[in-house]
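Visitor: I am new to reading protein models, and I would like a close look at a single part of this one. Could you walk me through it slowly?

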Amino acid sequence: MNKLTRAATAALLSCAVVLPATATAAPAFAHTTATTLDRPAERVRLPAPTGPYGVGSSVLHLVDRSRTDPWVPEADGRELMVTLHYPAARPAVGGHTPGRPAPYATQEEARLLLQGVPVEDPASVGQVARARTHSAVGVRPAPGRHPLVVLSPGFGMPRFTLTGLAVDLASRGYVVASLDHAYESSGMSVPGGRTLTCVACTVMEEGDWTEGHLVTGTRAADTRFVLDRLVGPRPAWRYASSIDRTRIGMAGHSIGGASAVGAMAADRRIDAGVNMDGTFWDTLPADGLGGRPFLLLGTDEFHRPGGEDTSWDTTWAALSGEKHWLTVAGADHLGFSDAPVLLGHFGLPGGDLPADRAVAVTRAYVAAFFDEHLRGRDQPLLDGPDPAHPEVRFHRP
């Protein structure tokens, strides 16, 4: 396991959101105390989405009883929580979709996420749980069929830490399914008042982080199951008819991004994939992904060609379709999630790249990639450096 991955996992275990990956794996906030943090009175505000649609939100609890959970074998199948963001029939007003605001997280999920900082007082937990997501619960979807994008978070990270990206994609006309993988996040609330915590974190740590393939393989199976329940013959979501099942993409952060190649290799329904700063664990088949496109989007410090994470060089050579390798100067490992916004809210330091730029870059390039490869819309942004995004570097090794 390379030093970057050790740093990321150590950081995530120590503090699920706010510890950036570093070259030394030393938790940057290991000695932060609750009394040193600046706690504003207002709740967290995610940046407003940039697309023309309002955004709806639904939550599904799915259980695959055909599989044994690899982390808790005695569990009743493999449990997943899925948040669906989608273009709404109601237009946004002042950046917000009319209707009951969708929550960011449950109180318990927010508490577990923040306790590693430590930030445990109820006011701060509430500020995260009630973060302004710019989406409304259960509103009708916009007419027509829309491409589907599956999002998978980093190891130890809950699905809601990709909400900023999910809401933005939905505002641009995508249905977005963000997955929580059981026992792989700081906390996943499920029906019945239960909250599943990161059993996998302990298992992986005790095994010296040698079983990354187990994580990516399990997530590939999770993704296949979710696709079956969204675009299969008996869909679990009431608005499943709004999904265009012929246009499906997958993106993820950290090991969630690494899982995208395994999911694509196992499921031909996924047409395009994105890895945001994740070390690859899987070896691609001889034909790569069968010509399907893939985007590598990562930190410049670790993920440039010939850099410390050699798995990117190996995977790049095996990809047979259209491929893009971009790195972002100043970004840190967690900068492709909501972490920069959460860090800024509590006055904690993050990467060198300001939060607004980290959000803008991630949104722009992920959306451009899916617009080109799921919608067939040519995107000059993917052709080379752009003056509006000077942090982004293009590589063609």
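Visitor: Where is Asp277 located? Please start there and show me the sheet and the helices around that part.

Guide: Happy to! Keep in mind that this is a predicted model. Asp277 sits in the loop between β9 and β10. Its phi is positive, at about 65°, even though Asp277 is not a glycine. Is Asp277 buried or exposed? It counts as buried, because its relative accessibility is 1%, and the cut-off for buried is under 20%.

Now let us look at the sheet that the two strands belong to. It is an open sheet of 10 strands with mixed pairing, and the strand order is β3-β1-β2-β5-β4-β8-β9-β10-β11-β12. The edge strands are β3 (136-137) and β12 (392-395), each of which pairs on one side only. If the word "pairing" is new to you, here is the idea: strands of a sheet pair through backbone hydrogen bonds, and they can be parallel or antiparallel.

Find β9, residues 272-276, and look at its partners. On one side is β8, residues 243-253, which runs parallel to β9 and is joined to it by five bridges. One spot to find on screen is His253, which stands opposite Met276 in β9. β9 also has β10 as a partner: these two strands run parallel as well, with four bridges between them. Met276 turns up again here, since it stands opposite Leu297 in β10. So Met276 is a handy landmark, with His253 opposite it and Leu297 opposite it too.

Let us step on to β10, residues 294-299. This strand is mostly covered, and six of its six residues are buried. β10 is joined to β11 by six bridges, and the two run parallel. Within that pairing, Leu296 has Trp325 in β11 as its bridge partner.

Next come the helices that pack on this sheet. Helix α11, residues 355-374, touches β4, β8, β9, β10, β11 (323-328) and β12. Its direction makes about 165° with that of β9. Helix α6, residues 212-231, lies across β1 (54-64), β2 (78-88), β4 (146-152), β5 (175-181) and β8, and it runs at about 55° to β2. Notice that β8 and β4 appear among the strands for α11 and among those for α6.

Helix α11 has a helix partner to explore too. Helix α4 (residues 163-171) packs with α11 at an angle of about 45°, and their axes are 10 Å apart. That angle makes α4 oblique to α11. The crossing of the two helices is right-handed. To see where they meet, look for Gly164, Leu165, Asp168 and Leu169 in α4, and for Thr362, Arg363, Val366 and Ala367 in α11.

Pro340 brings us to the start of α11 from another direction. This residue belongs to helix α10, residues 339-345. Pro340 and Ala355 are 15 residues apart along the chain, yet their C-alpha atoms are separated by 4.9 Å. Setting aside residues up to four places away in sequence, Pro340 touches Leu334, Gly335, Ala355 and Ala358. With a relative accessible area of 12%, Pro340 is buried.

On the side of β8, try Ser259, which lies in helix α7, residues 255-266. Ser259 counts as buried because its relative accessibility is 0%. Apart from neighbours within four places in sequence, it contacts Val215, Thr216, Arg219 and Met250.

Before we finish, compare Asp277 with one more residue. His134 also is not a glycine and has a positive phi of about 65°. You will find it in the loop between α3 (122-129) and β3. His134 is buried, with a relative accessible area of 8%.

One last stop is a disulfide, and a search of the whole structure finds one. It joins Cys198 to Cys201, with an S to S distance of 2.0 Å. The torsion about that S-S bond is about 75°, so the disulfide is right-handed. Cys198 counts as buried at 14% relative accessibility, and Cys201 counts as buried at 6%.

Technical notes: Residues are numbered from 1 along each chain as its sequence is written. This is a predicted model: local features need pLDDT of at least 70, side-chain atom pairs count only at pLDDT 80 or more; totals for chains, interfaces and linings use all residues. Side-chain values use heavy atoms; hydrogens and water are left out. Buried means under 20% relative accessible area, exposed over 50%, partly exposed in between (1.4 Å probe, protein chains only). Contact means heavy atoms within 4.5 Å. Two strands pair if DSSP finds at least two bridges between them. Axes are lines fitted to C-alpha atoms, for helices over the stretch in contact, and angles run from 0 to 180 degrees between N-to-C directions. A disulfide is a pair of cysteine sulfur atoms within 2.5 Å. Angles under 35 degrees count as roughly parallel, over 145 as roughly antiparallel, 65 to 115 as roughly perpendicular and the rest as oblique. A crossing is left-handed if the near helix is turned anticlockwise from the far one by less than a right angle, and right-handed if clockwise.
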